[in-house]
Amino acid sequence: MSVLDRAAGAVTARMLAWAILIVLVLLGLLGLSIAGNVRQWADHRAYVKSEGDRLQSAAMKAGLQVAASIAKQKQKDDPRLIEAVSRIEARVAKLQGAQRPAPLPAQCAPGKQRMDAVNAGADP
């Protein structure tokens, strides 16, 4: 073996070692990247689940606030509503007892036949 062959073998061995080292470093970085992505994905899934629970909780809280507001307002509205219903009932009773007006004469009664007769000139 000549010196040139030995030098070429040494350079090739050194380059092979560097290539293997670079591949191992890149594989390590790829593994770290995959681990980070899996962790982010798990965190995102947990966030999405908690966000749904948070929105549901906020909706329930808003519903409770509306119900509480309605309950507070009910105490004020009940006397007013009872008074309004009493006024309506009194008016209905008054109107039921009142005598109805006499029906209109035939020449004043509305209707298709009457208007057809007017348009035909039967009733000037």
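Helices are taken here as DSSP runs of at least four residues, numbered from the N terminus, and in this predicted model arginine 87 and glutamate 83 both lie in one such run, helix 1, where they are 4 residues apart, about one turn of the helix. On that basis, the secondary structure of the chain comes to 2 helices and 0 strands. The radius of gyration of the chain is 47 Å, well over the 14 Å that the globule rule gives for 124 residues, so the chain is more spread out than a compact globule. Taken along the principal axes, the box filled by the C-alpha atoms is roughly 140 × 55 × 10 Å.

Helix 1 comprises 95 residues, from 3 to 97, and its end C-alpha atoms are 133 Å apart, which agrees with the 141 Å that the helix should span at 1.5 Å a residue. A bend of about 40 degrees occurs in helix 1 at lysine 76, and this residue is followed within four residues by a proline, proline 79. The separation of individual positions may be illustrated by isoleucine 22 and alanine 71, which are 49 residues apart in sequence and, from C-alpha to C-alpha, 73 Å apart in space. Isoleucine 22 itself belongs to helix 1 and has a relative accessible area of 47%, so that it is classed as partly exposed, the range for that class lying between 20% and 50%.

With respect to solvent accessibility, 0% of the 124 residues of the chain count as buried. The chain exposes about 11,400 Å², of which 66% is supplied by carbon and sulfur atoms. A nonpolar patch of about 750 Å² is present on the surface, and it is made by Leu16, Ile20, Val23, Leu24, Leu27, Leu30, Ile34 and Val38. Among these residues, leucine 27 is found in helix 1.

Salt bridges were counted where a side-chain nitrogen of Lys or Arg lies within 4 Å of a carboxyl oxygen of Asp or Glu, and by this rule the count comes to 2. In one of them, arginine 54 is paired with glutamate 51, the closest N and O atoms being 2.7 Å apart; both residues lie in helix 1 and are 3 residues apart, about one turn of the helix. Arginine 54 counts as partly exposed because its relative accessibility is 46%, and glutamate 51, at 21%, likewise counts as partly exposed. The salt bridge between arginine 87 and glutamate 83 has its closest N and O atoms 3.3 Å apart. Arginine 87 has a relative accessible area of 53% and is therefore exposed, the cut-off for that class being over 50%. The spacing within these pairs can be set against the general geometry of the α-helix. An α-helix has 3.6 residues a turn, so residues three or four places apart point the same way.

Methods: Residues numbered from 1 in each chain as written. Predicted model: local features only at pLDDT ≥ 70, side-chain atom pairs only at ≥ 80, totals over all residues. Heavy atoms only, no water. Expected span 1.5 Å × (residues − 1). Bend = angle between axes of the 7 residues up to and from the residue. Patch = residues over 30% accessible without salt bridge, like charges linked within 9 Å, V, L, I, M, F, W, Y side chains within 5 Å. Areas by Shrake-Rupley, 256 points an atom, 1.4 Å probe, with all protein chains shown as cover. Rg over C-alpha atoms; globule rule 2.2 N^0.38 Å. Buried < 20%, exposed > 50% of the residue type's maximum accessible area, 1.4 Å probe, protein only.
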